[in-house]
Amino acid sequence: MTLVRRYKGNPILTKEDVPYEVATVHNAGVTKFGNEYIMLFRSHKHNGRSILGLARSKDGFHFTVEDRPFMEPSNEGEFAEYEAYGVEDPRITFIDGEYLITYSAYSKHGVRIGLAKTKNWETVERTALITEADYRNVVLFPEKFDGLYARLDRPHSEISPWSVWISYSPDLCYWGDSKLIMKPVTYHWDEMKIGPGAPPIKTERGWLNIYHGVFPTMDGSVYRLGVALHDLKDPSKIIGVGDDWILQPEDPWEISGYVHNVVFTCGAVPEDDGTVKLYWGAADTVMCAGTAKIDDLVNLCLNNARDPMG
Ligand code: BMA
């Protein structure tokens, strides 16, 4: 069954739409701001390092890019030290009247996660580096649990490779109570790596987590998207993980590009009519969009589930 319907006008954003020189447009966080959609997208510069650009839209499909990048590697203090190789893969969560942006900060010390805030999408303030090295794909929940912020993230170590963890924080700076909650499954489409994708979406039946999974082939890795459902009150409890993927590389711009066979999400926007607009970077080169019924995605988690722990 086709759960995600691709937008007919894909790709919705490419490097040709960007008024400054970039090699790619991909892995964007997307949110609503008043009557606009905001897309914060990653671009490789011609030196191979990444920056974040901003685009605005009235309908969620036709985006206009701002004249200047929104975030480039910082040249101040600690952030300069840890962002020297670029800023990547932003996720946006609206909570307590502010938009929080989690992004990967690359440097000679590895990859870690930075947190930045904006209220107006004109100015942005970096507040903290919230992980040590070898973490990617941090998504924040848009609500607190027993007074604590919560995040899903993806540390990597040999003994627990590329799995999803949860952590909590009283202040968005110090994080703890960490727990492993979901692992890749052997000889399954997500057998090599999994990682949080879009920030979780609240539904009546649980928090919908749209994640990415990676399968190794003789022709390199294939990145696909899947869904998991977390308990509304205790998001460390996974109610179900859909056994089937919901999206795989199929269109020509998903199959070939800067990195072939990749669909990778950093953002999805739930709408009042029960649908979700899903955004993905295709082949690390262009941005695409599609729509799905939230109920269909939740049903997949509940009716055709795999074991969260593999
Ligand atoms: C991951 C990240 C993503 C990228 C994906 C496919 O490890 O680097 O930013 O989209 O690989 O290349």
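Me: How far does a polar side-chain atom of asparagine 27 lie from an oxygen atom of the ligand?

Reply: A polar contact is a pair of N or O atoms within 3.5 Å; within protein, one must be able to donate a hydrogen and the other to accept it, and residues adjacent in sequence count only if both atoms are side-chain atoms. Here the asparagine 27 distance is 2.9 Å. An N or O atom in the aspartate 89 side chain is 2.6 Å from a ligand oxygen. For arginine 136 the value is 3.2 Å. Keep in mind that this is a predicted model: local features need pLDDT of at least 70, side-chain atom pairs count only at pLDDT 80 or more, and totals for chains, interfaces and linings use all residues. Side-chain values use heavy atoms, without hydrogens and water, and residues are numbered from 1 along each chain as its sequence is written.

Me: What percentage of the ligand's exposed area does the protein bury?

Reply: Accessible areas come from the Shrake-Rupley method with a 1.4 Å probe. Taken alone, the ligand exposes 300 Å², and the protein buries 82% of that.

Me: Which strands stand at the edges of the open sheet?

Reply: Strands are DSSP runs of E, at least two residues, numbered from the N terminus. Two strands pair if DSSP finds at least two bridges between them. This open sheet has 4 strands in the order 1-21-20-19, with antiparallel pairing. Strand 1 (5-6) and strand 19 (263-270) are at the edges; each has a single partner strand, so one side of each lacks a neighbour in the sheet.

Me: How many bridges join strand 20 and strand 21?

Reply: Strand 20 (residues 275-282) and strand 21 (residues 286-293) pair over 8 bridges, in the antiparallel sense. Valine 276, for instance, has alanine 292 in strand 21 as its bridge partner.
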